[in-house]
Amino acid sequence: MLITRCSLSYVSARTNGNYVDLSLSMFSKHVKLLNNANHYGLGMLAGPVRALMSYYGIIGPCEVSSHAGTRSARDQVAETSAGVSVDVAD
């Protein structure tokens, strides 16, 4: 984001805000905190999964692609269950 000058994404902050039912004013005050809490929290959940995969010998390109897939799926499940992701058909 520093290199591309893209704006900050608030999807992860909205996901956390929806889970704890924050008001709009509280959300706007703590958006960076919510964003970082989601990123670090989900990262801490993904770390042990990757460690277990390495422990059992699942390493290399296969491991990287399968771990990326599970991380993307986990993010999508969290966002959809919080009501943040919008279906294109809607």
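**A tour starting from a loop**

Begin by selecting D21, which sits in the loop that connects α1 (11–19) to α2 (24–29); keep in mind throughout that the model on screen is a predicted one. If you display the backbone torsions at this position, you will find that D21, although not a glycine, has a positive phi of about 55°. Most residues other than glycine have a negative phi. Now switch on a surface around the selection and ask: is D21 buried or exposed? With a relative accessible area of 68%, D21 is exposed, because the cut-off for that class is over 50%.

Next, select the whole protein and colour it by secondary structure, which brings up 4 helices and 0 strands, arranged along the sequence in the pattern α-α-α-α.

With the C-alpha atoms alone displayed and the principal axes drawn, the protein fills a box of roughly 50 × 35 × 25 Å. The radius of gyration of the protein is 16 Å, whereas a compact globule of 90 residues would have one near 12 Å.

Then return to the surface, this time for the entire protein, where the accessible area comes to about 6,800 Å² and 65% of it belongs to carbon and sulfur atoms. Colouring by burial picks out 21% of the 90 residues as buried. If you turn to contacts between residues at least 6 apart in sequence, 45% of them join residues at least 24 apart.

As a last stop, select the charged side chains, of which 7 are positive and 6 negative, and place a marker at the centre of each set: the two centres lie 14 Å apart.

Key. Residues are numbered from 1 along each chain as its sequence is written. This is a predicted model: local features need pLDDT of at least 70, side-chain atom pairs count only at pLDDT 80 or more; totals for chains, interfaces and linings use all residues. Side-chain values use heavy atoms; hydrogens and water are left out. Helices (H or I, at least four residues) and strands (E, at least two) are DSSP runs, numbered from the N terminus. The radius of gyration is taken over C-alpha atoms; the globule rule is 2.2 Å times the number of residues to the power 0.38. Buried means under 20% relative accessible area, exposed over 50%, partly exposed in between (1.4 Å probe, protein chains only). Contact means heavy atoms within 4.5 Å. Accessible areas come from the Shrake-Rupley method with a 1.4 Å probe; for residues, only the protein chains shown count as cover. Lys and Arg count as positive and Asp and Glu as negative; His and the chain ends are not counted. The place of a charge is taken as NZ of Lys, CZ of Arg, CG of Asp or CD of Glu.
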